[in-house]
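Here's a friendly walk through one protein model. Take a look at the sequence and the 3D view, then read on.

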Amino acid sequence: MKYVALLSGGKDSCYNLLHCAKNGHELAAAASLGPEQGKEELDSYLYQTVGQDAIEFVGQALDVPLYRRVISGAAVEQGGEYGGRDPAQSGGVRGDETEDLYELLSTVKAHHPDVQGVSVGAILSNYQRVRVEHVCRRLGLTPLCYLWQRDQEELLSEMIQAGMEAILIKVAGIGLAAKHLGKTLEEMQPLLLKLNRLYGSHVCGEGGEYETLTLDCPIFKHRIQLDEVETVVHSDSDFATVAYLRVKKASLQPKPIANLDDIIVPPALAEPFSEIRNLLSSSLLPDPGDALLNTQEVTTNRGTHRRIGNWIAVANIQRDIESASGEPTLEDEVRECFEKLKECLSQHGLTLTNCTNINVFLSSMDLFARVNAVYATYFGTSPPARACVAADLPSPIRVRLDCVAFAESAPTARQALHVQGLSYWAPANIGPYSQAIVADERVFISGQIGLIPSNLTLPSPQSLAFETALSFQHVHRVVEALKSNSGGGWEGHYQGIVYWLAHADHIPLVREASSHFEGDANAPALFVAVPELPKGALVEKQVLLHTGQCDVEDDDGTIVRRSAVPLYEKGDYETLGGKVCWEVSRFREVPSKVALVCVRGEDPELLNQLRSVPALQDLHSEALSVRLFHNVSRSEAAASAITFLQCQEAAPVTPIPCRHISSRNGDDWDYAILAICTRDGSL
């Protein structure tokens, strides 16, 4: 695609251009924001403003039109989100410096209507990423962020190896002084690595330790020569000097055309995920054979909801067939589902902005684009996490939803990771869902399919081994990014996993891969076959995780934050009427629990014996949300589960017809109950 380069003149914004070119994108223009004339630097939260006296030379070196705008706004909205979650309030923030970027890129689009992307050199800053992506979404542009979440030490080495000539133009970190101004990255590399080891300084200056100016880059048509500079010391101290270079005179020098072949592209799979691909590649892949048997519907209450503490679940949302007058359009069916969902949430004083996770089941993935277009109108900034799969829904139902929502006491109690830029990190969620939502230390991770992040395509030729390894890696990287975003300090523990597969014959291989992956160890896991996954993927991994952080009362009565580790329990029993296997993940310190119960057999008494299992005896009172996975050709067995689950305190149940159901300890179950549990208080 054609794109505009968002330029600061520094190493990151210029190096990202090399990766844009490497991925086949065409540079059409450059854009830069800076302080008003006569002011050399602003204390901006969002932009690098030092070095603006040389930005014209960077534009000329690239040999593309450069569009500039003065920063007139300030950091009005300083939170982790920008714009409202309600779509009616999801526009810009008046007076915020982010809106200067919106105006600048609007100008670029007016002059270059064929521009579709924006190159952004962000590595670690969520503050910057969220705001740039917000502007891009409003303008219909795709962020190109190939440095996002890259290892900084590797990145610095790659920049030097690629022939980037960037000098330090500002220093403001411990161990750096005015004498380091004007030195190249290659000259500074040993010291930057040393400061990282000694003080934890960011190797690439992501903590504001230093800023750079790029004098040469393989994509430049000319090299920038600094003919006259002046050192300006802003403040001098033994701890950290703040100083910068003022460029008084510069010129462009001719240079030979550079080759981009030496630009290092990180491998699609890192360790240990390449090992997962190797494990599956060495296994014999069976021929898929998923003939659909006679389907039978499980009857349960529709649009049920439950509140336990600050958590609310809404289950089995679908259109009302009985009162329908004629066949609605697909779009109207989606709207009816969302109106029902809004009505259920409103009974607890909540709106769609409180949703943390929504599962969408479609009668065919051919409907996805039309459903998604309507779905998107209900969400603004930081939409809920989501999984979407095809299921053998009973005709004429085409859409079924379930939802978990959180009644937050403040906006900061709910954290979203919604990365929308193309990168090497993990797939961009350009659509209306976040990679993950964190609320009350629970992390809902959207279903991850094996897309190649840099272009959002599945591996070609199609490969179960490659897709499975990528889905594992995507979940892992989402979790690591969340840790970085929140300042770290937590380990993270999987509490429940669902593997959605397009072919039942692939389940044994994916289950084998899961058994070799440390992150999956012990967590209740379900492997289910459904008719189809998004984009024709073979596998989708959906995870519910807990940070492990909890507030407990110390011996002196004070509340302290500690790290907790979940208990994993499992067991089974058999009767003449069938077999039951169960798994539980729970914490002693907090009421956060996930229970998985797999059943083979129609005997109604099979589930009643769960009351004698200590880990499950409170399932009725603790089950906030229940997904009932049932073999679509044996739904009579699942009818006993409905009776069991709704005989006392009715848990909201969403039936999910599947073509095959497996767990770690068993195969070909008639049905499986996956319950998110809590007690009054918090999850």
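In which sense do strand β24 and β25 pair, and over how many bridges? Strand β24 (residues 578-586) and β25 pair in the antiparallel sense, over eight bridges. A quick word on terms: helices (H or I, at least four residues) and strands (E, at least two) are DSSP runs, numbered from the N terminus, and two strands pair if DSSP finds at least two bridges between them.

Before going further, note that this is a predicted model: local features need pLDDT of at least 70, side-chain atom pairs count only at pLDDT 80 or more, and totals for chains, interfaces and linings use all residues. Residues are numbered from 1 along each chain as its sequence is written, and side-chain values use heavy atoms, with hydrogens and water left out.

Back to β25. A hairpin of six residues links β24 to β25, and Cys 581 has Cys 598 in β25 as its bridge partner. β25 also runs antiparallel to strand β29 (residues 671-677), joined by seven bridges; there, Val 594 is partnered with Ile 676 of β29. Seven of the eight residues of β25 (residues 593-600) are buried, so the rest of the structure largely encloses this strand. Buried means under 20% relative accessible area, exposed over 50%, and partly exposed in between (1.4 Å probe, protein chains only).

Now for the open sheets. One has seven strands in the order β15-β16-β17-β20-β18-β19-β28, with mixed pairing. β15 (414-417) and β28 (660-663) sit at the edges with a single partner strand each, so one side of each has no neighbour in the sheet. From one strand to the next, the twist averages 15°. Axes here are lines fitted to C-alpha atoms, for helices over the stretch in contact, and angles run from 0 to 180 degrees between N-to-C directions. Inside this sheet, six bridges connect the antiparallel strands β17 (residues 442-449) and β20 (residues 539-546), and Arg 442 stands opposite His 546 in β20.

Two helices pack on this sheet, where contact means heavy atoms within 4.5 Å:

| Helix | Strands touched | Direction |
|---|---|---|
| α10 (residues 464-485) | β15, β16, β17, β18 and β20 | about 150° with that of β17 |
| α11 (residues 507-516) | β18, β19, β20 and β28 | about 160° with that of β19 |

Another open sheet has four strands in the order β7-β6-β9-β8, with antiparallel pairing. Its edge strands, β7 (210-216) and β8 (222-235), each pair on one side only, and the twist averages 25° from one strand to the next. Twelve bridges join β8 to strand β9 (residues 242-254); one pairing puts Glu 228 with Lys 249 in β9.

What about disulfides? A disulfide is a pair of cysteine sulfur atoms within 2.5 Å, and a search of the whole structure finds zero of them. Why does Cys 136 have no bond to Cys 145? The closest cysteine sulfur to that of Cys 136 is in Cys 145, and at 7.6 Å it is too far for a bond. Cys 677 has its closest cysteine sulfur in Cys 598, 14 Å away, which is also too far for a bond. Cys 136 is buried, with a relative accessible area of 1%, and Cys 677 counts as buried at 1% relative accessibility.
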